[in-house]
Amino acid sequence: MAGQSRKWMILVATIWIQAFTGTNFDFSAYSSDLKSVLGISQLQLNYLATASDLGKVFGWSSGLALIYMPLWVVLFMAAFMGFFSYGLQWLVIRNVISLPYILVFLLCLLAGCSICWFNTVCFVLCIRNFPASRALALSLTVSFNGVSAALYTLAGNAINSSSSSLYLLLNALVPLITSLAALIPILRQPSLDPLPPDGVKRDSINFLILNFIAVFTGVYLLLFGSNSSAGPTARLFFGGALFLLAFPLFIPGIIYARDWFRRTIHSSFRLEGSGFILIDVDDLELHKELLSREASSHENGHLLSENNGSRHSISRQKSAESDGFCETVIGKDKLAMLGEEHSAKLLVRRLDFWLYYIAYFCGGTIGLVYSNNLGQIAQSLGQSSSTTTLLTLYSSFSFFGRLLSAAPDYIRAKMYFARTGWLAIALLPTPVALCLLAVSGKSMALHAGTALIGLSSGFIFAAAVSITSELFGPNSVGVNHNILITNIPIGSLVYGLLAAIVYDANVRPNAKGISTDSVVCMGRQCYFLTFLWWGCLSVLGLVCSVLLFLRTRPAYDRFERSRLTQLY
């Protein structure tokens, strides 16, 4: 029981780390001041935002570090990288020191790398301590990364609501303090034996409770995170947020009360015929059984054989004779089953991977770049005072989107739908939001568009790990997912460059608000063409996600039929 309690303490520590290390999401809160202090153009500011995302390219270094160093050492290396990079930027924006642009660029790059290192530590902690339910553990903890901006907004209002440079100081100090708080549970990490079936079921209850707490936390931050109150009221709101983050520490008591929950709540979800099962022991070995079994005949009549000695079985349809382009795209080289391991070399030859890559590139990545430009978007529409409100709105809805990414696992028995289909649905709000932003410059349109983009991108960020694992193999997910997210720095550069060119092209020399150090664009025209281009590209991403769903649906259906056969 002590080991079980400790593993939940580690999960809470992971939630804390994720909640306070999404420091790239509050870039918009201080970007305008940073632009003014450095005396740079919008294009150069875009490069700084890109540098933070470019840090993800070096995410592999954290995995290499874990091979040679203890996990807690890697955690503190990440914390000190963030402390050094954000701390120096704070000194720059406060005019304490002066650094050339290239050094500030490298500091942003280091800050982005530190976030990847934090994420790697959290992923490893979840996988080690929740091997039977790692998908739920990862989904829950990754969700809290989306509330970082809202938490930092509350903290900034509680300390000094008029200082945007305060965000950089908080970015430097808070992750380091959080790492110190998480150190004790990480050092006392238990050696856990495989859980019995009833233990797996008890874990499902705990995850259900934690998700309820997470939803309540998200609603709280949405309601009070954007509040512009200062002084005692702001401190009260921030204290409430910290209490909600600490509330899961009561999970050991929930473990001891498991019998009551099993008799009341859990039993109501396990009614005969309902099949509500968050985790099932039989499902844990299903991938292995599928991989060792000769695949059944494909719809096109081709059979897959195990005698070729290859684990990379590929379903091939008969050559299309006047079937048309769509039939060829949907039917060519489809996945035979889920969970097949793909090497990096095989991965990049997969049409499914490139459809997935483009869907992510034209969906979630656009949402991330939008959040980076949120400060300038609000400023151009004359709503600079609403920047923190918009940042909190994006953060809160990104959090809800991440939580919703676990919906397929919760309603699986009630309504089964391929996870790639959920991805396509999640992409829908982005083109709708960008169209709304293009046709209207009103405050309500800006708030609604920001919420929709946050919801969509949050779902994609959280669901991507599970989709990569299902389509291209759970054992290769570390390498394959890092290949997938190379689209983020590329998209950050391309989309940000587009936005910056349009922004700078619409600056009027005699416009009100121009400064001597850097140009400021005012009016709807500053981002009108950007929203149109982003909207068109998001439609392309939506089309690719639909094609991916149509191609992978048979594999998902076969997987589900096999799972149900194993259960019943």
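**Group meeting talk: salt bridges, cores and a surface patch**

Okay, let's start with a pair of charged residues: R350 and D352 meet through their side chains in a salt bridge, at 4.0 Å from N to O. Keep in mind that this is a predicted model. Both of these residues, R350 and D352, are buried.

Now, D352 has another partner. It also forms a salt bridge with R551, and there the closest N and O atoms are 2.7 Å apart. D352 sits in helix α18, residues 351-361, while R551 sits in helix α28, so this pair ties together parts that are 199 residues apart in sequence. R551 is buried, just like D352.

How many salt bridges are there in total? The count comes to three. The remaining pair to show you is R419 and E470, whose side chains meet at 3.0 Å, N to O. This one links distant parts of the chain as well: R419 is in helix α23, residues 419-427, and E470 is in helix α25, residues 443-472, with their positions 51 residues apart. Again, R419 and E470 are both buried. And which residues end up in one network? Through shared partners, salt bridges join R350, D352 and R551.

Right, on to the nonpolar inside. The largest nonpolar core has 126 residues, and the ones that touch the most other members are L11, L140, F144, F207, Y370, F531 and W534. Helix α28, residues 525-567, gives the most to this core, with eleven residues. You've met α28 already, since R551 lies in that helix.

Let's zoom in on F207. Not counting residues up to four places away in sequence, F207 touches W8, L11, F130, S133, L136, A137, L140 and Y410. There's also another core, apart from the big one, made of 22 residues, and F76, A78, L125 and L176 are among them.

Next, have a look at Y495, in helix α27, residues 487-505. Is Y495 buried or exposed? Its relative accessibility is 1%, and the cut-off for buried is under 20%, so Y495 counts as buried. What is around it? Leaving aside neighbours within four places in sequence, Y495 is in contact with F361, C362, T365, I366, V369, W534 and L537. Take V369: it is 126 residues away from Y495 in sequence, yet the two C-alphas are 6.9 Å apart in space.

V369 also brings us to helix α19, where the buried residues include T365, I366, V369 and Y370. Why call α19 largely enclosed by the rest of the structure? Because nine of the nine residues in this helix, 364-372, are buried.

Last stop, the outside. F80, F83, L173 and I177 make a nonpolar surface patch of about 370 Å². Which helices supply it? α5, residues 71-93, and α9, residues 166-187, each give at least two residues to the patch. F83 is one of the patch residues, and its place is in α5. With a relative accessible area of 34%, F83 is partly exposed, and patch residues need over 30%.

While we're on α5: it has 23 residues and reaches 33 Å from its first C-alpha to its last, close to the 33 Å expected at 1.5 Å a residue. Then, just after α5, N95 takes a positive phi of about 60°.

That's my tour, so go and find these residues in the structure above. Thanks!

Technical notes. Residues numbered from 1 in each chain as written. Predicted model: local features only at pLDDT ≥ 70, side-chain atom pairs only at ≥ 80, totals over all residues. Heavy atoms only, no water. Patch = residues over 30% accessible without salt bridge, like charges linked within 9 Å, V, L, I, M, F, W, Y side chains within 5 Å. Areas by Shrake-Rupley, 256 points an atom, 1.4 Å probe, with all protein chains shown as cover. Helix = DSSP H or I, 4+ residues; strand = E, 2+ residues; numbered from the N terminus. Buried < 20%, exposed > 50% of the residue type's maximum accessible area, 1.4 Å probe, protein only. Core = buried A, V, L, I, M, F, W, Y, C linked by side-chain atoms within 4.5 Å. Contact = heavy atoms within 4.5 Å. Expected span 1.5 Å × (residues − 1).
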